[in-house]
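I opened the model and kept notes on what I looked up, one topic at a time.

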Amino acid sequence: PCAAALWRAFEVVVIERYILRAVQFWFDWPIYALKRVWNYLPHHTGIDNQDGMHRVRLERSLKYGTRAKEKMHMLTPKPALTPALTPAGPATTATATAAAAATTTRAIVYCHGGGFVATCREMYYNSLAYLVRAGGFHIAVLDYPMAPQARHPAPLLSVMRALSYLRRARSGHASGVLFDDVHLFGDSAGSNLILHAAALIRMPALWGRLKQQVGDDPTLAGQYQDIEAWTFPRVTTCTSIYGMLSRRSAENAKFPVGVGLRFLWRCVTDGMTAEQERASKRYPAAFDDLLGELMTAEKKKKENKKKKKKENKKDPARHYKGFNMPPTFFAVGDIDPLVGSSLVTHDRMSSLVVGLGTGHGKPLLRVFPGGFHGFFGVPPEWQLGLWRKAARPAAEDVFSFLERFQVVSSGDGGGGGG
């Protein structure tokens, strides 16, 4: 215990304060600038072999909140005179695409990865631009506060604030695309956030629990003073790309990857273990830990009903009314060191869906041979084309999944909240 405490103090004083901030600076400026130039060079950089931002309009740094990094970029389709080639065949013309966008779920909210501590949002455009060209999607690419400056649940709360902003501000935007219904999409740490966000929107008891935690913390309450006014869009689907960063992947990863992952997880949780979270009744940082709580809660409810026992009023899970998640697609590479977390999350979601008969069906899972962590988002030229065989099929499968679960947008308002 003494050695662990000393090492944690070293992490906080030296690594978090100096080394990690240098890494964040590197991602925020040099790589950002390099990728910004790279996107507009006349070469094939997109997953679909088209020039990086061809027929894609980019709106930069739209603020959705008051905290640092509470910004988003918006990728939208430009008018086109000729059809584009898509996995499902020739795309519609710009006019037809705009008409479809106004009546179906053409809004995607993307949360980047980066271990909760750093990332370069520009790196994701080569893969996301494909979805804009192929399906006329409007994609909000979120930034959110980074650890260790902002620890759990601050990144998640900022994502929820962004969803509220999008429903309120963008649903009446001149683009005609409604943000009353959205597809949530994330990679690695972003996968953890979007799955949490879907659960919070679709299971009100969880949202109430998180709001209570914010109310009990003066710092969080001051940073998210508008939380009671938030209302959210309906979540049509969730897509998790790569292995999901969670406590499980950090604890089970082998040396040397495991050392770095465990450090990242301590950064975002301030060293709090799963047992300490449960003991303090805090909202879990890891989505698979939340699923474990839900599975335990359902098991207890069945046992209590069978034995005719009363519920424990101190149990935070007593208000759960059943599992309710949207159709979810997990796309992972077989050589991804974090693949285990996605597999466990998929299996736990499947067992909850089967046990409760929600009618949504099991979540979908596909493992792509040769796919490493980052195979979908890292530009093909940066990886010497090594992962292109996995990236293109993954992009096509994501596109097909989104098209399969399109719903007609009524424009009568979004999901719950507040």
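Before the entries, I fixed the burial terms: buried means under 20% relative accessible area, exposed means over 50%, and partly exposed lies in between. The model is a predicted one.

**Positive phi**

I looked up Asp270, which has a positive phi of about 60° without being a glycine. I found Asp270 in the loop between H10 and helix H11 (274-280). Its relative accessible area is 45%, so I entered Asp270 as partly exposed, since that class lies between 20% and 50%.

Tyr242 went on the same page: this residue is not a glycine either, and its phi is positive at about 70°. Tyr242 sits in the loop between strand S8 (234-241) and helix H9 (247-252). Buried or exposed? I noted Tyr242 as buried, because its relative accessibility is 3%.

**Cis peptide bonds**

I checked omega next. The bond joining Ala147 and Pro148 is cis, with omega about 5°. The bond from His152 to Pro153 is also cis, and its omega is near 10°. I placed Pro148 in the loop between strand S6 (138-142) and H5, and Pro153 in the loop between S6 and H5.

**Cavities**

How many cavities of 30 Å³ or more does a search of the whole structure find? I recorded 4. For the largest cavity I wrote down a volume of about 60 Å³. I then listed residues that line the largest cavity, including Phe116, His152, Asn192, His196, Trp265 and Ala285. Helix H5 (154-170), helix H6 (189-202) and helix H10 (257-269) are the elements that give two or more residues to this lining. H6 supplies the largest share, 3 residues. By type, I counted the lining as 7 nonpolar residues, 3 polar and no charged. His152 thus appears twice in my notes, as a lining residue of the largest cavity and at the start of a cis peptide bond.

**Arg161**

I stayed with helix H5, where Arg161 lies. I entered Arg161 as buried because its relative accessible area is 5%. I looked for a side-chain partner and found Glu70, joined to Arg161 by a polar contact of 2.7 Å.

**Nonpolar cores**

The largest nonpolar core has 73 residues. Which residues have the most contacts inside it? My list reads Met72, Met160, Leu163, Leu184, Phe287, Phe323 and Met325. Another core, of 34 residues, lies apart from the largest, and Tyr124, Ile241, Ala331 and Phe399 are among its members.

**Helix H7**

I compared the span of H7 (residues 204-216) with expectation: its 13 residues reach 18 Å from the first C-alpha to the last, close to the 18 Å expected at 1.5 Å a residue. I noted the buried residues in H7 as Leu206, Trp207, Arg209, Leu210, Lys211, Gln213 and Val214. For reading such a list, I kept in mind that an α-helix has 3.6 residues a turn, so residues three or four places apart point the same way.

**Phe375**

My last entry is Phe375, in the loop between strand S10 (364-368) and helix H14 (388-404). Why did I enter Phe375 as buried? Because its relative accessible area is 0%. I also took a C-alpha distance here: Phe375 and Asp336 are separated by 9.2 Å, and they are 39 residues apart along the chain.

Technical notes:
Residues numbered from 1 in each chain as written. Predicted model: local features only at pLDDT ≥ 70, side-chain atom pairs only at ≥ 80, totals over all residues. Heavy atoms only, no water. Helix = DSSP H or I, 4+ residues; strand = E, 2+ residues; numbered from the N terminus. Expected span 1.5 Å × (residues − 1). Buried < 20%, exposed > 50% of the residue type's maximum accessible area, 1.4 Å probe, protein only. Core = buried A, V, L, I, M, F, W, Y, C linked by side-chain atoms within 4.5 Å. 1 Å grid on protein atoms, 1.4 Å probe; cavity = no way out; pocket = protein on both sides within 12 Å on 5 of 7 lines; lining within 4 Å. Points joined across faces, edges and corners; volume = space filled by probe spheres on them. Nonpolar A, V, L, I, M, F, W, Y, C, P; charged D, E, K, R; others polar. Polar contact = N/O pair within 3.5 Å; in protein donor to acceptor, adjacent residues only side chain to side chain.
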